Amino acid sequence: MAAHSASNTSTLPPTPQTNAAAPATTTAAVLRHYADLVHASYADALAAAQTMRKAIDDFLTNPSPQTLEAARQAWRAAREFYGQTEAFRFYGGPIDAIEGRINAWPMDESYVDYVVGQPNAGLINNRKQPLTRRALIALNERGGEENIATGWHAIEFMLWGQDLSESGPGNRSFEDFIDGKRPNADRRRTYLRLITDLLIDDLHSLVRAWAPGVKNNYRARFERGGQESLRKIFVGLGSLSRGELAGERLEVALASQDQEDEHSCFSDNTHRDAVTNALGIENVWLGRYQRADGGVLQGPGLRDLVAAKDLELADRTSAQIRRSVQAAEAIQAPFDREIIGGPDAPGRRRVQDVIDSLIQQSKYLVEAAAAVGITRLTLVQP
């Protein structure tokens with residue numbers, strides 16, 4: 001089970017129910033604080049990824065069971081922060097242009113490296129295939145959406161290998177990266193370094209896009225966007241709630257009962273992905289984000305804007321979003337065992353509870369958007 005970072009929800013008190021609306025909050029204030037929250041979230045994700053890169057460099061310099069495990073733990077820790085940023089997707093922002101390079105899944109492992117029964121599979125074992133940044137960007141999703149060559153899940157596969165265990169994650173040997181122990185170990189090292197550096201470069205670009213005080217970057221334009229930018233925030237939350245998290249990430253796996261359909265299948269970190277995604281929605285709704293250093297960034301959020309129009313709806317939506325986070329926290333690891341069994345299997349019921357809560361939450365978010373004058377809300381559907 002993944003170690004919980006400082007972003008773990010248990011350190012945050014539940015949002016109290018209120019009996020009076022907060023002082024009037026302006027759309028401009030919400031947009032400014034949202035931009036602060038997005039920038040802080042990507043900055044923390046970048047810093048955690050840089051810590052991961054150091055651990056991966058240590059492992060590749062001195063491959064051992066201990067350095068491999070440290071790299072794996074650093075990957076899990078970095079995912080705690082990146083997962084919360086997925087609430088900033090789905091409206092044509094900076095992430096949407098490169099998201100497929102950063103976080104695409106599910107992944108056909110044999111596109112990259114050997115798998116059971118195919119010892120020579122993958123671009124790593126094809127020594128005629130150049131391993132360069134440009135080549136890997138071009139190869140990502142070439143010929144099919146599962147032909148993933150870059151991003152979090154490619155790094156995950158390199159650290160864990162195929163998940164062939166019912167009770168735990170993948171168990172790639174550290175010797176895969178040692179010359180003479182496994183064919184093409186040199187290319188495996190080169191590839192892992194390249195995709196880790198590329199991920200960090202892409203996270204840098206997101207931090208720059210949302211940086212304060214930069215003339216005409218995406219943030220500056222977003223803050224001037226008024227009601228249209230507000231609509232984008234609601235689209236991001238509603239789409240992650242219904243189409244992506246409830247739909248693609250939970251309903252699909254629950255229906256197929258196939259380990260290949262879980263989000264972080266190599267590391268068995270899918271249960272934490274669900275929690276951090278749900279928490280990211282709550283962060284934006286409340287205007288509150290717990291930084292990597294433990295400090296809390298707090299300011300006007302969507303909830304305040306809605307409360308000024310319809311207090312009951314604001315509190316109802318807050319309660320439902322909190323319920324989704326708590327339901328996600330109840331999913332047990334490994335996720336690929338939670339989805340197995342009949343309709344009344346305890347694990348399947350836990351996953352279904354999250355889906356049901358997220359679907360209701362998305363309906364309340366549509367109502368909340370309407371309360372502040374946004375009636376045309378096109379959400380990503382499953």
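In the predicted model, Gln227 is in contact with Thr27, Val372, Gly373 and Ile374 when its neighbours within four places in sequence are left aside. Gln227 is placed in helix H8, which spans residues 226-256. Although Gln227 and Val372 are 145 residues apart along the chain, a distance of 9.1 Å separates their C-alpha atoms. A polar contact accompanies this approach, as the side chain of Gln227 reaches the backbone oxygen of Val372 at 2.8 Å. Gln227 has a relative accessibility of 36% and therefore counts as partly exposed.

Asp44 offers a second case of a side chain directed at the backbone of a residue elsewhere in the sequence. This residue lies in helix H1, and its side chain reaches the backbone nitrogen of Ala292 at 3.0 Å. Beyond the neighbours within four places in sequence, the contacts of Asp44 are Phe81, Tyr289, Arg291 and Ala292. The relative accessibility of Asp44 is 7%, so this residue counts as buried.

A further polar contact involves Thr67, a residue of helix H2. A polar atom of the Thr67 side chain lies 3.0 Å from the backbone nitrogen of Ser64. With neighbours within four places in sequence set aside, Thr67 is in contact with Ala55, Asp58, Phe59 and Asn62. Because its relative accessibility is 17%, below the 20% limit, Thr67 counts as buried.

Aromatic side chains were examined next. The count comes to 13 aromatic pairs. One of them joins Phe59 and Phe177 in an edge-to-face arrangement, with 5.0 Å from centre to centre and 75° between the planes. Phe59 belongs to helix H1 (residues 27-61), whereas Phe177 is found in the loop between helix H5 (152-160) and helix H6 (185-209); the pair therefore ties together parts that are 118 residues apart in sequence. Phe59 has a relative accessible area of 0% and is buried, and Phe177, at 1% relative accessibility, also counts as buried.

Another edge-to-face pair is formed by Trp75 and Trp160, whose ring centres are 5.4 Å apart and whose planes meet at 75°. Trp75 lies in helix H2 (residues 65-82) and Trp160 in helix H5, so this pair ties together parts that are 85 residues apart in sequence. Trp75 and Trp160 are both buried. Phe59, one partner in the pair with Phe177, is also among the residues in contact with Thr67 of helix H2.

Aromatic residues also gather in a cluster, which is made up of Tyr34, Tyr42, Phe88, Tyr91, Trp210, Tyr218 and Phe222. In addition, charged groups are placed over aromatic rings. The charged end of Arg172 sits over the ring of Phe157, at 5.0 Å from the ring centre. In a second instance, the charged end of Arg316 sits over the ring of Tyr364, at 4.7 Å from the centre of that ring.

Empty space in the model was then considered. Rolling a probe the size of a water molecule over the atoms reveals where such space is left. The largest pocket holds about 370 Å³ of space. Its lining consists of 15 residues, and those lying nearest the centre of the pocket are Trp105, Pro106, Glu145, Glu244 and Glu248. Two elements, helix H3 (94-103) and H8, give two or more residues to this lining. H8 supplies the largest share, with four residues. Helix H8 is also the element in which the partly exposed residue Gln227 is placed.

Enclosed space is present as well: three cavities of 30 Å³ or more are counted. The largest cavity contains about 50 Å³ of space. Its lining comprises Val30, His33, Tyr34, Leu37, Ile233, Val284, Gly287, Pro300, Gly301 and Leu302. Helix H1 gives the most to this lining, with four residues. Tyr34 thus appears in two settings, since this residue lines the largest cavity and is also a member of the aromatic cluster. Helix H1, which gives the most to the lining of the largest cavity, is also the location of Asp44 and of Phe59.

How values were computed. Residues numbered from 1 in each chain as written. Predicted model: local features only at pLDDT ≥ 70, side-chain atom pairs only at ≥ 80, totals over all residues. Heavy atoms only, no water. Buried < 20%, exposed > 50% of the residue type's maximum accessible area, 1.4 Å probe, protein only. Contact = heavy atoms within 4.5 Å. Polar contact = N/O pair within 3.5 Å; in protein donor to acceptor, adjacent residues only side chain to side chain. Phe/Tyr/Trp six-rings, centres within 6.5 Å; stacked < 30°, edge-to-face > 60°. Lys NZ or Arg CZ within 6 Å of the ring centre and 35° of its normal. 1 Å grid on protein atoms, 1.4 Å probe; cavity = no way out; pocket = protein on both sides within 12 Å on 5 of 7 lines; lining within 4 Å. Points joined across faces, edges and corners; volume = space filled by probe spheres on them.
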